[in-house]
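Please open the model in your viewer and keep the selection tool at hand. The stops below concern aromatic rings and what lies around them.

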Amino acid sequence: MSQSEIRLVVPDGRDMLDLLGQGDHLLKLIEDQFEADIRVRGNEITIAGEPQEAQAVSALFTEMLQLVEGGQPLTPEAIDRSIDMLKRGEFSPVKVFSDVILTHRGKTIRPKTAGQKRYVDAIRKNTITFGIGPAGTGKTYLAMAMAVDALKRKDVGRIILTRPAVEAGEKLGYLPGNLFEKVDPYLRPLYDALFDMMDIEKSTSLTERGVIEVAPLAFMRGRTLNDSFVVLDEAQNTSPEQMKMFLTRLGFGSKVVITGDVTQIDLPAGTSGLRQVRDILDGVQDLEFVDLESRDVVRHKLVQHIVTAYSRYDEARNAARSAADARGATNESHA
């Protein structure tokens, strides 16, 4: 098999430490992911190996160098995600990591995976976007960042954050306190994310003025939501009737993002509105469904493995159930 050799010269030798990591730990991570031979001497990187492999490593280093030159720190997680993006060929890492949605107190919020980039782009392009995927994929967090950014840009006049008050079979009537105290625990994750993007004093002031509203889904009935960025979280716990009610609240000048995980439905019985809505709205314009996967999980890497393991388990169980149903149907036909 033919071999190829590619030599890269880093213009500023000072970038080499950022590029390769302390003690070359980033270089070692790359070497573990590829078969190519990578040699470093001074500010030169030589890559030798099968042509396609050598080109892939060269492309990775080129992307990494652009990130370093742009002032973005490289981490093992960023390298893993960059390799995944380049292998899939959907987005360049520079395009993904350079897409800054919001900056607050020196912290930048941006997509970190190809799936998250697709999700953010879909929100920008469409009036209604569905973000569907497992926990930790940034569905709600990115949607809220887009909402806060739209408010700051004055693209909308208010933000509405809502979710159904259904969790693990508990009923509001059995919980202590008045109505606000009953629903507050269900809405608390939305407040937590909001405070991560905006000073508490500012968000509290905007909430008191009605510019930001955090409310249970039931409070949306009978309203028309104009000039608003609306986020419906935990939509897997809506009934089909609730989903229809929510979608028909859409008013002029508004944008809607609906997030959920169809593997974590807490409804006591019946069909999830999120499961059903894709079939109903298939082909509708100005609306997009974005599916996020375990590779889009940006929490601890172990969470990715847990999500993948559960997915495989569910697939195997469903396959076994289908096979059993097929055998039962065959036996009945022979009876």
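What follows is a short walk through the aromatic contacts of a predicted model.

Before selecting anything, note that the structure holds 2 aromatic pairs. Begin with Phe 130 and Phe 289, whose rings form a stacked pair, with 4.3 Å centre to centre and 10 degrees between the planes. Next, colour the strands that carry these rings: Phe 130 belongs to strand S6 (residues 128-132) and Phe 289 to strand S11 (residues 287-291), so the pair ties together parts that are 159 residues apart in sequence. If you then switch on a surface, is Phe 130 buried or exposed? Phe 130 is buried, at a relative accessible area of 0%, and Phe 289 is also buried, its relative accessible area being 18%, a value that falls under the 20% cut-off for that class.

Move on to Tyr 191 and Phe 195, an aromatic pair that is tilted, with 35 degrees between the planes and 6.2 Å centre to centre. Select helix H8 (residues 179-195) to see the setting, since both Tyr 191 and Phe 195 lie in that helix, 4 residues apart, which is about one turn. The surface view separates the two partners, for Tyr 191 is buried with a relative accessible area of 11%, whereas Phe 195 counts as partly exposed at 27% relative accessibility.

For the last stop, select Phe 34 together with Lys 87, and look at where the side chain of the lysine ends. The charged end of Lys 87 sits over the ring of Phe 34, at 5.5 Å from the ring centre.

Conventions
Residues are numbered from 1 along each chain as its sequence is written. This is a predicted model: local features need pLDDT of at least 70, side-chain atom pairs count only at pLDDT 80 or more; totals for chains, interfaces and linings use all residues. Side-chain values use heavy atoms; hydrogens and water are left out. Rings of Phe, Tyr and Trp (its six-membered ring) pair if their centres lie within 6.5 Å; planes under 30 degrees apart count as stacked, over 60 as edge-to-face and the rest as tilted. Helices (H or I, at least four residues) and strands (E, at least two) are DSSP runs, numbered from the N terminus. Buried means under 20% relative accessible area, exposed over 50%, partly exposed in between (1.4 Å probe, protein chains only). A charge sits over a ring if NZ of Lys or CZ of Arg is within 6 Å of the ring centre and within 35 degrees of the ring normal.
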